[in-house]
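Work through the exercises below with the sequence and the model in view. Each task is followed by a solution in steps.

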Amino acid sequence: MFKDIFGKKKNHTTIPDENQKLDIPEGLMMKCQSCGEIYYRKEMKKHLFVCPKCGHHHPLNAWKRINSLYDADSFEEWDRDLTSANPLDFPEYEEKLAKDKKKTNLNEAVVTGKGTIDGRPLAIAVMDSRFRMASMGSAVGEKITRAIENARKEQIPIVVFAASGGARMQEGVFSLMQMTKTSMAIERLSQAGGLFISVMTHPTTGGVSASFASLGDYNFAEPGALIGFAGRRIIEQTIREKLPKDFQTAEFLLKHGQLDRIIERGKMKETLSLLLKLHEKGGDRS
């Protein structure tokens, strides 16, 4: 069974030739951010926005990720209307929040809820980098904490997909407090025997990487994800040394024992389903 978790599979799709790339309406095509290859957007969508040529994992918004994982019509969202205030009266912060709400159709940078994967219940929190670069303010921390607490009370596992620029500077110390709050919620879940799966996507940085994102019973990441606390330049200036080219990538962290596995996006549902089966109380683990 465990060999299934570590299996690999390549995705393939149709790549338009040079003639097809001419005079195509805007939005119909998309260019890979890594290799520069051009694809039909609808084909990339079928493959969860993973480049079939180089394997680059493009950003995936919260609802696309949820729909790629959960059984049809099984997902129930939590705390949809919970949103940030402006406790420090930071200039133009409310206007920026309103702009991101309109752009993303989200009230905050994380979507939480529960549903089933292959019939087994799973709670989830998915950060969406389109909203303030998924920085963790009071509302984001509160929603993630509530999701973890709900999972503990309902005695179901929880997975958190992190994608964040770190703490939200417009909320100052209120933002930094979320690091402790989310970490304490995970400790309570652990003491109750609950399962917490952390999946770090590109990028997972700052206070998010230094708190709940690194505390999973399983710590996973998507290929090529940037994961770290301080920026590369700051670290090099501090230690006065050049860092390896792959420093702070998922591959670097896996090599140095800070991740359990790197999982391609197309294999994520299968992996989560298998873990839920393995950890199912009183279930068949054959």
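The exercises concern a predicted model and cover aromatic rings, a surface patch and strand pairing.

**Exercise 1.** Classify the aromatic pair of Phe247 and Phe252, and decide whether Phe252 is buried or exposed.

Solution.
- The structure holds four aromatic pairs. In the pair of Phe247 and Phe252, the ring centres lie 5.4 Å apart, with 75° between the planes.
- Centres within 6.5 Å make a pair, and planes over 60 degrees apart count as edge-to-face. The pair of Phe247 and Phe252 is therefore edge-to-face.
- Phe252 has a relative accessibility of 13%. Buried means under 20%, so Phe252 counts as buried.
- Elsewhere, Trp63, Tyr70 and Phe75 are linked into a cluster by ring pairs.

**Exercise 2.** Find the nonpolar surface patch that includes Phe174, and place Phe174 in its helix.

Solution.
- The patch is formed by Leu88, Val173, Phe174, Leu176 and Met177. Together these residues have about 460 Å² of accessible area.
- Phe174 lies in helix α6, which spans residues 172-191.
- The relative accessible area of Phe174 is 33%. Partly exposed covers values between 20% and 50%, so Phe174 is partly exposed.

**Exercise 3.** Trace the pairing of strand β8 with β7 and with β10.

Solution.
- Strand β8 (residues 218-221) pairs with β7 (residues 196-205) in the parallel sense, over four bridges.
- At one of these positions, Met200 has Ala221 of β8 as its bridge partner.
- β8 also pairs with β10 (residues 261-262), in the parallel sense and over two bridges.
- Here Ala221 stands opposite Ile262 of β10.

Terms used:
Residues are numbered from 1 along each chain as its sequence is written. This is a predicted model: local features need pLDDT of at least 70, side-chain atom pairs count only at pLDDT 80 or more; totals for chains, interfaces and linings use all residues. Side-chain values use heavy atoms; hydrogens and water are left out. Rings of Phe, Tyr and Trp (its six-membered ring) pair if their centres lie within 6.5 Å; planes under 30 degrees apart count as stacked, over 60 as edge-to-face and the rest as tilted. Buried means under 20% relative accessible area, exposed over 50%, partly exposed in between (1.4 Å probe, protein chains only). Patches are made of residues with over 30% relative accessible area and no salt bridge: like charges are joined within 9 Å, nonpolar side chains (Val, Leu, Ile, Met, Phe, Trp, Tyr) within 5 Å. Accessible areas come from the Shrake-Rupley method with a 1.4 Å probe; for residues, only the protein chains shown count as cover. A salt bridge is a side-chain nitrogen of Lys or Arg within 4 Å of a carboxyl oxygen of Asp or Glu. Two strands pair if DSSP finds at least two bridges between them.
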